[in-house]
Amino acid sequence: MYSTSIAIREFQSTEIDYRALVNVFHRSVHAIPDVIYSKEQKSAWAPDCIDGASWKLRLEEHSVWVAVDERNQEPLGFIELNKSGDIECLYVCPRAQRQGIAKLLLITAFESIRKHYPDKAQWLVQASDVAYEFFIKHGFLPTKRNQVERFGVSLENTTMAKTIA
């Protein structure tokens, strides 16, 4: 578990700067070992020049929870659900990974799904190769392998589903 106090907060653009979440995303992707995704793939996935306005709009339109270090209010990770309630993305900054933060975010989002989508039978995610084992550990099963193109570069991920009982 992370050694400091972590608060999970619903994203509000008036309280949390969306640029901090873009930074978490960028750092997380570029920390992935080159044997999993090449430098070219990581640069296509998370380019140095990210369209901040699009990110801000997307975060404001979706359900997003942020893990914040209570000591300094620094965002350490976030989970974003699309309008169907499925996972759009889940990122934790490299220095805070493997300390239970992604699990806390996933649990928080799952509680929301159960409350706001009572008829939802499956929870979906397009899991990157680096996140695959995390989602397996939390009850998601692979349903389809995907190839995605970003800026002319091919990336692979896996559609995964968790049955909601």
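Strand E7, residues 153-163, is a good place to start: eight of its eleven residues are buried, so this strand is mostly covered. Please keep in mind that the model you are looking at is predicted.

**Around strand E7**

Two strands in this picture pair with E7. Strand E5 (residues 122-128) runs antiparallel to E7, with seven bridges joining the pair. Here Gln126 stands opposite Thr159 of E7. E6 also pairs with E7 in the antiparallel sense, over nine bridges. In that pairing, Arg145 has Thr158 of E7 as its bridge partner.

How many residues lie between E6 and E7 in their hairpin? There are two, and Phe151 in the turn has a positive phi of about 50°.

**A closer look at Gln147**

Gln147 belongs to strand E6, which covers residues 141-150. Is Gln147 buried or exposed? Its relative accessible area is 59%, and because this is over the 50% cut-off, Gln147 counts as exposed.

Beyond its neighbours within four places in sequence, Gln147 is in contact with Ser154, Leu155 and Glu156. With Ser154 there is also a polar contact of 3.1 Å between the two side chains. Asn157 is ten residues away from Gln147 in sequence, and their C-alpha atoms are 6.5 Å apart in space.

**Two loop residues with positive phi**

Now for the loops. Gln73 and Arg98 are both residues other than glycine with a positive phi. The table puts them side by side.

| Residue | Phi | Loop | Relative accessible area |
|---|---|---|---|
| Gln73 | near 65° | between strand E2 (63-69) and strand E3 (74-81) | 42%, partly exposed |
| Arg98 | near 60° | between E4 and helix H4 (101-116) | 86%, exposed |

Why is Gln73 called partly exposed? Its 42% lies between the 20% and 50% cut-offs, so Gln73 falls in the class between buried and exposed. Arg98, at 86%, is over 50% and therefore counts as exposed.

**The largest pocket**

Finally, take a look at the largest pocket, which has a volume of about 1,400 Å³. Of the 48 residues that line this pocket, Leu90, Tyr91, Ser128, Val130 and Ala131 are the closest to its centre. Which element gives the largest share of the lining? Strand E4 (residues 87-92) does, with six residues. Sorted by class, the lining of the largest pocket has 30 nonpolar residues, along with nine polar and nine charged ones.

Notes. Residues are numbered from 1 along each chain as its sequence is written. This is a predicted model: local features need pLDDT of at least 70, side-chain atom pairs count only at pLDDT 80 or more; totals for chains, interfaces and linings use all residues. Side-chain values use heavy atoms; hydrogens and water are left out. Helices (H or I, at least four residues) and strands (E, at least two) are DSSP runs, numbered from the N terminus. Buried means under 20% relative accessible area, exposed over 50%, partly exposed in between (1.4 Å probe, protein chains only). Contact means heavy atoms within 4.5 Å. A polar contact is a pair of N or O atoms within 3.5 Å; within protein, one must be able to donate a hydrogen and the other to accept it, and residues adjacent in sequence count only if both atoms are side-chain atoms. On a 1 Å grid over the protein atoms alone, a cavity is a set of points where a 1.4 Å probe fits but cannot get out, and a pocket is an open set with protein on both sides within 12 Å along at least five of seven lines; lining residues have an atom within 4 Å of a point. Grid points are joined across faces, edges and corners, and a volume is the space filled by probe spheres set on the points. Ala, Val, Leu, Ile, Met, Phe, Trp, Tyr, Cys and Pro count as nonpolar, Asp, Glu, Lys and Arg as charged, and the others, Gly among them, as polar. Two strands pair if DSSP finds at least two bridges between them.
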